[in-house]
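Please look over the sequence and the model below, and keep both in view while reading. The paragraphs that follow lead from single residues to helices and strands.

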Amino acid sequence: MPTPSLAALPIRRLTLRDLTACADLSEDRGWPREEHKWGLLLAAGKGYGIDDPDGGLVTACVVTEYGPYSEPDLAAIGMVLVAERHARQGIGRRLMRHILSAMGTTPLTLHATPYGRPLYEELGFKVTGRAEMLHGHFTPGGLAPTVNTRAATAEDLTTILRLDEEVLGTDRTHLITRLPAFADQFRVAEENGRLIGYAAAWPNMHTHVVGPLIARDTETAQALITSLAAGTDRPLRTDIDVRHEDLRAWARERGLAPVAFNSVMTYGIPELPGDWIRRFAPLTVAAL
């Protein structure tokens, strides 16, 4: 039988059963397999993809919705991938148009690489910010942080969720409640018994990704990163909003080297909701 054209292949919902195929697709494009991250995104979000008649996936992405379950007020698009053998044939554009149609009037956001940005701009996304990826072995130094940090407990979760919604401007309960199982470390910062920030470090291949990073100020963010670094011998990776210049400079002094910049883009809203001053790094650039 003749192989159907790519345009005729149906787009379907992906599930956790597709995790290996998604990881294979990442590897096909030269990305790390990131099975741990794929597992979180496919469980907390909605995966979309096209099956290749010859096996595997032609393309895939994940949409993570936030806010009320029946009427999300924001959604993040991530892990948009097209197999190398099918690249530059309009598959990514077709998948993104499907997502835009499926999401209706829900505002959208994504982190775009320089390679992907022209497509997203063509579809109507606007650049509203930038994030810098930093990576390396953290080297303690300078003055010791004066902000108190400790491991998060189950009793902290309600307060963490309240703080997170205040800072992000949307409800991420379905993601944040997965952090204790997803992350290797989950820590909070407090002052006089009041929670003023939190952060996690989760495993991604040979690194630990620091995210989310929510903090009252730069000093609190530094204390959280320092405490997370003390709990691992792996290199750290994080994606810091470029407006937090002091934290970026401090991280570079501590051994985290700049790797790349991603454009933060939005669709349907002029900028991300919430308080960017306390939002230092996302859980992952593939979500929020």
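A residue is called buried when its relative accessible area is under 20%, and exposed when that value is over 50%. The model shown here is a predicted one, and the first residue to find in it is methionine 79, which is placed in strand β4, the run of residues 74–82. With a relative accessible area of 6%, methionine 79 is buried, because that value falls under the 20% cut-off. Its backbone also deserves a careful look, since methionine 79 has a positive phi of about 55° although it is not a glycine. As a general rule, most residues other than glycine have a negative phi, and most peptide bonds are trans.

Both halves of that rule can be followed further along the chain. Asparagine 192 is another residue that is not a glycine and yet has a positive phi, here of about 50°. Is asparagine 192 buried or exposed? Its relative accessible area is 81%, and because the cut-off for exposed is over 50%, asparagine 192 counts as exposed. As for the peptide bonds, glycine 211 and proline 212 are joined by a cis one, with omega at about 0°, and proline 212 belongs to strand β10, which covers residues 207–215.

Asparagine 192 also leads to a group of strands, for its place is in the loop between β8 and β9. These two strands form a hairpin with 2 residues between them, and asparagine 192 is in the turn. Strand β8 consists of residues 185–191, and 5 of its 7 residues are buried, which leaves the strand mostly covered. Which strands pair with β8? On one hand, β8 runs antiparallel to β9, residues 194–204, and 7 bridges join the two; within this pairing, valine 188 has tyrosine 198 in β9 as its bridge partner. On the other hand, β8 pairs with strand β7, residues 148–151, over 4 bridges and again in the antiparallel sense, and here asparagine 148 has glutamate 190 in β8 as its bridge partner.

The helices can be read in a similar way. Two packed helices are described by the angle between their axes and the distance between the axes. Helix α1, residues 19–28, and helix α2, residues 35–44, have axes that come within 10 Å and cross at roughly 130°, which makes α1 oblique to α2. The crossing of these two helices is right-handed. Where they meet, α1 contributes Leu19, Cys22, Ala23 and Ser26, while α2 contributes Glu35, Trp38, Gly39 and Leu42. Sorted by character, the residues of this contact are 5 nonpolar, 2 polar and 1 charged. Helix α2 is largely enclosed by the rest of the structure, because 7 of its 10 residues are buried; among them are Trp38, Gly39 and Leu42.

A last stop is tyrosine 48, which lies in strand β2, residues 46–51. Tyrosine 48 counts as buried, because its relative accessibility is 7%. Leaving aside neighbours within four places in sequence, tyrosine 48 is in contact with residues that include Ile11, Leu14, Thr59, Val63, Leu95, His98 and Ala102. Arginine 33 is 15 residues away from tyrosine 48 along the chain, and the C-alpha atoms of the two are separated by 18 Å.

Technical notes
Residues numbered from 1 in each chain as written. Predicted model: local features only at pLDDT ≥ 70, side-chain atom pairs only at ≥ 80, totals over all residues. Heavy atoms only, no water. Axes fitted to C-alpha atoms, helices over the stretch in contact; angles between N-to-C directions. Parallel < 35°, antiparallel > 145°, perpendicular 65-115°, else oblique. Left-handed = near helix turned anticlockwise from the far one by under 90°. Contact = heavy atoms within 4.5 Å. Nonpolar A, V, L, I, M, F, W, Y, C, P; charged D, E, K, R; others polar. Buried < 20%, exposed > 50% of the residue type's maximum accessible area, 1.4 Å probe, protein only. Pairing = 2+ DSSP bridges.
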